[in-house]
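Please find below some short notes on this entry, set out point by point. They are meant to be read beside the sequence and the coordinates.

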Amino acid sequence: MRQTPPSPKPVHPAEAPPTEGLLGHPAPPVEPVTVVPLVPPVPETKGLLAPEPEPHPELTIDLRPRDALPEEARPARRRSVAEDTLTPEEWRAAGYTPPTGIPVPELTAGAPGEAPWPDRMRTLLRTPMSERPAFERTAREMHPSAGAARNVPRILDLTLRIGELLLASGEAAEDVEAAMLGIAHAYRLDRCEPQVTFTLIGISYQPSLVEPPVTADRVVRRRTSDYTRLNSVYELVADITAEKVTVNDAYRRLALIRRNRHPYPAWLLALTTGLLAGAATFLVGGRLDDKAWLVFASAFIAAVLGDRLASALARRALPEFYQFVAASMPAAASGIILSLNDWGLRGSVVITGGLFALLPGRALVAAVQDGLTGFYITAAARLLEVVYLIAGIVIGVMVILYLGVGFEAKLKPDESLAGISYPPVQMVAAMVLTLAFATLLQTDRRTLALVTVNSGIGWASYGALVYNAGVNPIAATGVAAGLVGLFGQLMARFRNGSALPYVTAAIGPLMPGSALYLGMLAFAQGHSSAGLVSVFRAAAIAMALAVGVNLGGEIARLFLKLPVGAELPSLYPAMPRRAAKRTRGF
């Protein structure tokens, strides 16, 4: 124990002499101060020996400045805040991203960038948050007032509302998440994780590693098929990601988009449904004679009746399954009526044409695209939705077919398997069918011509492969769908919009309506094995159709990073979009 002279009178900090430089008085020399800790009293014990208190060492506190002490007696200097910051390598090893982001040269082209926002945001979306860089900010975004005006709950709510519109319009889950990430990033919320399922979308924002995350979600209650509204939402997202729209202006534009009415009235949509079914009769029948026009009129009237019947059930809040059951019955009944005589009016063609107006091609393509991009929960839910809708169509048609077979209706399956017998007639029918389908999907008037041309490209490719080259129809469907997806993506790049309006309606003529009808007719006639073969054939055509559309779009994204007329930045982007890691079977 160190022996020290008697302790001076303790000095209270408030009574300490002034320090040099604060009040202008010289500081007197400071001597070390010895503090004797107080020993707590030991309680008295009866019957036991009271333990002796252990002596406490005296603590010596040297109040002299650190520079006046010897080198060996100087305490360690406390690290500053800047010295406590980890290096980027240490942040990466810990699994976190530093506040300034990890500098990646391939992704520092700037916040708005030259490439379309889906390409830029998909790159970030496929990158884990621990490796996700922070883009450079524009001068306006780096202004001190920009951070003060940021309202995190309001930005997240805007992001969810826009994501809800995109998901309700049939966009793939990856595109919805890319849009949500782009909106949050544009408003300086870099540490965001969007999550999209079939009916629920959510987003989480973590301000820093020591603050709790802010999470919000939204449920998609209703789905609509309005591609005009979808294009407007795409334009809004493009302006937001380009940092041209404030949060308040984005809310105003979003309110206008939601309030806008559909571009086509209800009566025109009902007539368009009949036109679609009538054009499908020329597509599958392939003939242009006097009887063909009577078949066209029958399919037209039956489709309009089915549409009105389904609308009446929808107004009474019946599920969509029953609406499809009711919508498929008039076409099947019309085909049975035409087959009850010896006029040879091709009733099977009427039934097949009615199926083209009901098959859920949009949901099928979106389901397969979600599965191929790794969103398996959403893909499974959408495939289940497709199964239910097709089951409703099958039930409605099968009920009428059983009645028709009982009344000895002369249904001839080969009537709806004309193949590519009359190419000019079937080409025109395919383009008219696509035009009607695009109108039913509320496609913008300026887009109708491009959609029709894209359909003509797909059907011409399919006809050339099947009729001239003798390729299997399933493989030909996949190739034709790939071309439709490729040119649809190119058209979307040219218009800076979504590819759905250019693709969904264009694949209408390639839908497996004939194969599905043949399977139902075989089951109704008691030929189960033939029915299973036709059903599996229809499923294979549908899968080839969806995979071809997705592959065509991926090829377009692989080779085209920028829109027409844009110059390639020097730093963007040598890093391709990352794919999901293969599990190798375990």
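**Helix pair and two single residues**

1. In this predicted model, helix α9 (residues 266–285) and helix α12 (residues 347–356) have axes that come within 8 Å and cross at roughly 125°. The angle makes α9 and α12 oblique to each other, because oblique covers angles that are neither under 35 degrees, nor over 145, nor 65 to 115. The crossing in which α9 passes α12 is right-handed.

2. On the α9 side, the contact is made by Leu276, Ala277, Ala280, Thr281, Leu283, Val284 and Gly285. Helix α12 contributes Val349, Val350, Thr352, Gly353, Gly354 and Phe356. By residue class, the contact of α9 with α12 holds 8 nonpolar and 5 polar residues, and no charged ones.

3. Thr477 belongs to helix α17, which spans residues 473–495. Its relative accessible area is 2%, so Thr477 is buried, the limit for that class being under 20%. Leaving aside residues up to four places away in sequence, Thr477 touches Tyr462, Leu510, Ile541 and Leu545.

4. Leu384 is part of helix α14, residues 376–406. With a relative accessible area of 46%, Leu384 counts as partly exposed, because that class lies between the buried limit of under 20% and the exposed limit of over 50%. Ala367 is 17 residues from Leu384 along the chain, and the C-alpha atoms of the two are separated by 9.1 Å.

Methods. Residues are numbered from 1 along each chain as its sequence is written. This is a predicted model: local features need pLDDT of at least 70, side-chain atom pairs count only at pLDDT 80 or more; totals for chains, interfaces and linings use all residues. Side-chain values use heavy atoms; hydrogens and water are left out. Helices (H or I, at least four residues) and strands (E, at least two) are DSSP runs, numbered from the N terminus. Buried means under 20% relative accessible area, exposed over 50%, partly exposed in between (1.4 Å probe, protein chains only). Axes are lines fitted to C-alpha atoms, for helices over the stretch in contact, and angles run from 0 to 180 degrees between N-to-C directions. A crossing is left-handed if the near helix is turned anticlockwise from the far one by less than a right angle, and right-handed if clockwise. Contact means heavy atoms within 4.5 Å. Ala, Val, Leu, Ile, Met, Phe, Trp, Tyr, Cys and Pro count as nonpolar, Asp, Glu, Lys and Arg as charged, and the others, Gly among them, as polar.
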